[in-house]
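Subject: Structure for your review

Dear colleague,

Please find below the sequence and the structure that I am handing over to you. My notes on what was found follow directly after.

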Amino acid sequence: MPSDPSSRTSSADLELPPGPSYPTPFHYFRELRKDPLAYYRSLVEEYGAIACVKMWPRRQIVTSLPHQHRHVLIDQIDRYPKGITFARRKDIGGEGLFFSEGELWKRQRRSMMPSFRKSALVELVPHMTDGAVAFLGRMEKRVGEPAFNIAPEMAKLAMDIACRAFFGCDILDRAQSLHEALWASSQYTGHVSTNPLAPPIWFPTKLNRQARRALQTMYGAIDELIAENRERAGEDNVLARLNAFVEDGQMSERQLRYEMWTLLNAGHETTATTLAFAFSLLSENPTARERVEEEADALHGRPPSYADLESLAHTNRVVRETLRLFPPAWGTGRECIEDDVIDGYRIPAGSIMTLLLFVTQKDPEFWEDPERFDPDRFLPERSADRHEEAWCPFGLGGRRCIGEDFAMMEATIALAAVAQRLELRLAPGAKVEGQVYGIGPMRPAAGLPMTVHRRGERAGDAP
Ligand code: HEM
């Protein structure tokens, strides 16, 4: 921290946080893109919990402590909109809940929140159970197969559940093309977020053409799903609930499409990645896996339901611990629009804020033996003294993930459903490692090769 900041008369007298300088943003992004997680980790190691990356014409302030995240995302939320940090991503997701701001965001959040409250989720859990049971059926057919990458299977599972719960239909026939389109669009957003001179989406580059094709596929499918949903009147799912706002003139048709894209996009890959990591971690930690199996066995063969969630407490802690070690949303960004001070450092208006949630979640100040997989660290007696915001995989404050409870329930139910009958084993030598491509979400590096076994089958047994 700078010397005695309280003696200064105005924030203009304060120093910027320490950090490196780059002649242009290109030099910085070239460095960052190689391995964003390693880059940011080294920044924190070298400069401390708050750093400033200086480059013309802006600077980037990087924070890694829970009270700093709290300052930006909760206490001073009006000073820190998403702003320029998410601007180019609107090419794909429009003004959906993830990207919108101000009055539009407030109105949309108010309209959507009732569908995602715990009390409303009771109606959506059967979709999770159905999706998990269908997944179990697919996996049972793969018992005895050589190791295969589990990540795409998890994507299919999460996409299936998202479509059942959000659109009210089973779309496994379209899941692959939708997933590929979402992937292509994330390649685009990853590229434009780290290339300040990336041409606008209408400019005919190869990547832009690919992104436009992905947009057609995604929104084409969403239009179909909306039309099909309207034909099946009287159902209860998120789309039907939002459609009621369109019918009474409170939401435009265009806005509905953006929101459905947002839910599909924000709500499937994150959970899929979490599940892929969770199964891998359980494979490496037999004691934790056996406890998940004990909880699953207590259901006596019945698929997990809403009423069972309370008894799946250890399974839920496995999900929490997975999200601590491998947060798909490993960081987030904001734009500072009014001069501010954090920890005695000057934060000038126009700064880009980067909040390193993944660093916070492994900070030894808050987490004992932070690299260790230890779901019991979330037992109430071991969490009481921990900083409330040290676990932040769903963000914080007013813009905290609207799907948090949905995702936690979905992942818990999927883990329990599989554990009732099967065991997923990581292939020998496979490493559980997170990697970030572009500056997209954290994904398993090089996939996660696993084999499927019936419960109780010993290693080396014939299938
Ligand atoms: C493990 C799964 C998930 C993780 C780790 C995750 C993470 C996050 C994070 C960190 C944010 C805040 C971003 C920021 O402040 O900049 C967020 C926002 C959001 N998430 Fe999730 N999410 C997950 C699942 C879901 C699901 C299942 C849905 C769909 C229901 C969803 C929909 C959204 C939406 C719409 C927002 C924007 C909320 C707003 O700004 O009001 N997410 N998510």
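The helices and strands named in this message are DSSP runs, with at least four residues for a helix and at least two for a strand, and they are numbered from the N terminus. In these terms, D308 sits in the loop that connects helix 13 to helix 14 (313-325). Please bear in mind throughout that this is a predicted model.

**The ligand and its surroundings**

The ligand has 29 residues around it, and W105, R109, T332, R334 and C401 come nearest. By class, this shell divides into 17 nonpolar, eight polar and four charged residues. Helix 5 (102-116), helix 12, strand 5 (332-335) and helix 17 (404-421) each contribute at least two residues to the shell. Helix 12 gives the most, with seven residues.

Three distances to oxygen atoms of the ligand may be of interest to you:

- R334 places a polar side-chain atom 2.8 Å from a ligand oxygen atom.
- R399 has a polar side-chain atom at 2.9 Å from an oxygen atom of the ligand.
- L97 contributes a backbone N or O atom, which lies 3.5 Å from an oxygen atom of the ligand.

R399 also appears among the residues that I77 touches, leaving aside those up to four places away in sequence; the others are H71, V72 and G398. I77 itself belongs to the loop between helix 3 (66-75) and helix 4 (90-93). Although I77 and G398 are 321 residues apart along the chain, their C-alpha atoms are separated by 8.0 Å. I77 counts as partly exposed, because its relative accessible area is 31%, between the limits of 20% and 50%.

**The second largest pocket**

Which residues lie nearest the centre of the second largest pocket? They are R41, L325, F358, K362 and E371, out of 29 lining residues. The pocket holds about 630 Å³ of space. Its lining divides into 17 nonpolar, three polar and nine charged residues. At least two lining residues come from each of helix 2 (36-47), helix 12 (253-284), helix 15 (357-360) and strand 10 (434-436). Helix 2 supplies the largest share, five residues.

**The cavity**

A search of the whole structure for cavities of 30 Å³ or more finds one. About 100 Å³ of space lies within this cavity. Its lining consists of F279, L282, R289, V292, E293, L415, V418, A419, L422, E423 and L424. Helix 12, helix 13 (286-297), helix 17 and strand 9 (422-426) are the elements that give two or more residues to that lining. Eight of the lining residues are nonpolar, none is polar and three are charged.

Strand 9 also contains R425. The side chain of R425 makes a polar contact of 2.9 Å with the side chain of E423, a residue of the cavity lining. A further polar contact, of 3.3 Å, joins the side chains of R425 and H453. Is R425 buried or exposed? Its relative accessibility is 14%, so R425 counts as buried, the cut-off being under 20%.

**Helix 11 and S115**

Helix 11 covers residues 238-247, and its buried residues are V238, L239, R241, L242, N243 and V246. The elements covering these buried residues include helix 5, helix 6 (118-121), helix 8 (151-167), helix 10 (206-231) and helix 12. Just after helix 11, G249 adopts a positive phi of about 80°.

S115 lies in helix 5. With a relative accessible area of 3%, S115 is buried. Beyond its neighbours up to four places away in sequence, S115 touches A120, L121, L124, V238 and R241. Of these contacts, V238 and R241 are among the buried residues of helix 11.

**D308 in its loop**

To return to the loop between helix 13 and helix 14, D308 is buried, with a relative accessible area of 7%. Not counting residues up to four places away in sequence, D308 touches L299, R302 and P303. D308 and A298 are 10 residues apart in sequence, and their C-alpha atoms are 9.6 Å apart in space.

With kind regards

Note on methods:
Residues numbered from 1 in each chain as written. Predicted model: local features only at pLDDT ≥ 70, side-chain atom pairs only at ≥ 80, totals over all residues. Heavy atoms only, no water. 1 Å grid on protein atoms, 1.4 Å probe; cavity = no way out; pocket = protein on both sides within 12 Å on 5 of 7 lines; lining within 4 Å. Points joined across faces, edges and corners; volume = space filled by probe spheres on them. Nonpolar A, V, L, I, M, F, W, Y, C, P; charged D, E, K, R; others polar. Near = heavy atom within 4 Å. Polar contact = N/O pair within 3.5 Å; in protein donor to acceptor, adjacent residues only side chain to side chain. Buried < 20%, exposed > 50% of the residue type's maximum accessible area, 1.4 Å probe, protein only. Contact = heavy atoms within 4.5 Å.
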